[in-house]
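Subject: Structure for your review

Dear colleague,

Please find below the structure that I am handing over to you. My notes on what was found in it follow directly after.

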Amino acid sequence: MKEALLHTPQVKALIEKIAGFDQPGGDHRLKQIIARIVTDVMRTIEDFDVTPTEFWAAAAYLSKVGETHEMGLLIPGLGIEHFLDLRMDQEERAAGLTGGTPRTIEGPLYIEGAPLAKGEARLDQDPETGEVLFMDGVVKDAAGHPVAGAIVDVWHANTAGWYSHFDPSQSPFNLRRRIETDAQGRYKFRSMLPKGYGVPPDGPTNQLLAAIGRHGQRPAHIHFFVSAPGYRKLTTQINIDGDPLLHDDFAFATRDELIPAITHHTDSAEILARGLNEPFATITFDFTMHKEAADLPEAVVERAHAA
Ligand code: MBD
Ligand code: FE
């Protein structure tokens, strides 16, 4: 067993300098964080006897994650985005906030500025073959009262598992809408049932996941931001029940409260009444929001988005 270099006075002094502790300027908390990260990297190198060749492969890997814009995939894949959710949940519990629709990760595929509709919308613009979905529900407060004028910002993948904007074959804002709830707090939309998403098979996220024996697939899901003046912004998703990967999500976003019942309608009279000629699905899901109040942890996560 080699001597633990990390604990020598020489390396301790080195880390102090690396993190800028011997300099008067700069941010103290950032210095502490940098010292921790550098120490943890060094500890990993030491504990696992990481060779310089291996280390440079890791550095090239991270450059590749940046070049391919996959940071937003690697972070949920490593469970860090879910961990940030668990931390926000914990802070809210400590502040006495319980109940309500659980949050779950935003993911990397939101686009700002989707068309705004009042009460109801049709999300699918591009022709697709698959199962039509009608989804509806009420945005409520914690007492169960409807929240009129809330914005339900919804986005999801198409029937092949791809998201508009990131998939150039789709028209802009396909399967993305903002829906303002009506006077009874209701929203509803028509769309197509999405398929689960898979990370690019040849990208660096999948490269790492495969190397540790994992996959990069998500079960079918629909994303939501729900916001209203005076209420805490909710970032969440629902899962499409019955997906075989429901509890095997590479991004760890599934929560039991976010798996609403789905009804598949095959009755020909019902199909006809909807103006369709194929079976369709319905989901009803209510969102329960918390009122904003002083002393509550920040609910809004600032994050760069494509516009
Ligand atoms: C997605 O659709 C998603 O929601 C997440 C978290 C990661 C990759 C693709
Ligand atoms: Fe998604």
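A donor, in what follows, is an N, O or S atom within 2.8 Å of the metal; water is not among the atoms, so a site may look incomplete. Please also bear in mind that this is a predicted model.

**The iron site**

With that definition, the iron ion (ligand 2) is coordinated by three residues: Y163 through OH, H221 through NE2 and H223 through NE2, at 2.0 to 2.1 Å. Along the sequence, these donor residues follow the spacing Y-x57-H-x1-H. Y163 and H223 come from distant parts of the chain, 60 residues apart. Y163 sits in the loop between β4 (151-156) and β5 (176-180), whereas H223 belongs to strand β7 (residues 221-227). Both Y163 and H223 are buried.

**Ligand 1**

Which residues surround ligand 1? They are L73, I105, G107, P108, L109, Y163, Y197, R218, H221, H223 and A251. Y163, H221 and H223 in this list are also the residues that coordinate the iron ion (ligand 2).

Oxygen atoms of ligand 1 approach N or O atoms in several side chains, as follows.

- For the side chain of R218, the distance is 2.6 Å.
- For the side chain of Y163, the distance is 2.9 Å.
- For the side chain of H223, the distance is 2.9 Å.

On its own, ligand 1 has 260 Å² of accessible area, and the protein covers 100% of it. The space that ligand 1 takes up is the largest cavity.

**D249 and its contacts**

R218 leads on to D249, since the side chains of D249 and R218 are joined by a polar contact of 2.8 Å. D249 is found in the loop between β8 (234-239) and β9 (262-265). Is D249 buried or exposed? Its relative accessible area is 6%, so D249 is buried. The side chain of D249 also reaches the backbone nitrogen of A253, at 3.0 Å.

**The loop between β4 and β5**

This loop, which holds Y163, also contains H165 and Q170. H165 is partly exposed because its relative accessible area is 45%. The phi angle of H165 is positive, at about 80°, although H165 is not a glycine. The C-alpha atom of H165 is separated by 9.4 Å from that of A307, which is 142 residues away along the chain.

Q170, by contrast, counts as buried, because its relative accessibility is 9%. The side chain of Q170 makes a polar contact of 3.0 Å with the side chain of N174.

**Two further residues**

D49 is another residue other than glycine with a positive phi, in this case near 50°. D49 lies in the loop between α2 (28-47) and α3 (52-67). With a relative accessible area of 47%, D49 is partly exposed.

A117 is part of strand β1 (residues 116-118). Why does A117 count as buried? Its relative accessible area is 16%, and buried means under 20%. The C-alpha atoms of A117 and Y187 are separated by 9.8 Å, and the two residues are 70 residues apart along the chain.

**The protein as a whole**

The protein contains seven helices and eleven strands. Its C-alpha atoms fill a box of roughly 80 × 45 × 30 Å along the principal axes. Of the 307 residues in the protein, 43% are buried.

**Where to look in the viewer**

I would suggest beginning with the iron ion (ligand 2) and its donor residues Y163, H221 and H223. From there, R218 may be viewed with ligand 1, whose oxygen atom is 2.6 Å from an N or O atom in the side chain of R218. The polar contact of 2.8 Å between R218 and D249 may then be followed to the side chain of D249.

With kind regards

Conventions:
Residues numbered from 1 in each chain as written. Chains lettered and ligands numbered in written order. Heavy atoms only, no water. Donors = N, O, S within 2.8 Å, 3.2 Å for Na, K, Ca; no water. Helix = DSSP H or I, 4+ residues; strand = E, 2+ residues; numbered from the N terminus. Buried < 20%, exposed > 50% of the residue type's maximum accessible area, 1.4 Å probe, protein only. Near = heavy atom within 4 Å. Polar contact = N/O pair within 3.5 Å; in protein donor to acceptor, adjacent residues only side chain to side chain. Areas by Shrake-Rupley, 256 points an atom, 1.4 Å probe, with all protein chains shown as cover. 1 Å grid on protein atoms, 1.4 Å probe; cavity = no way out; pocket = protein on both sides within 12 Å on 5 of 7 lines; lining within 4 Å. Sits in = over half its atoms within 2 Å of the grid points.
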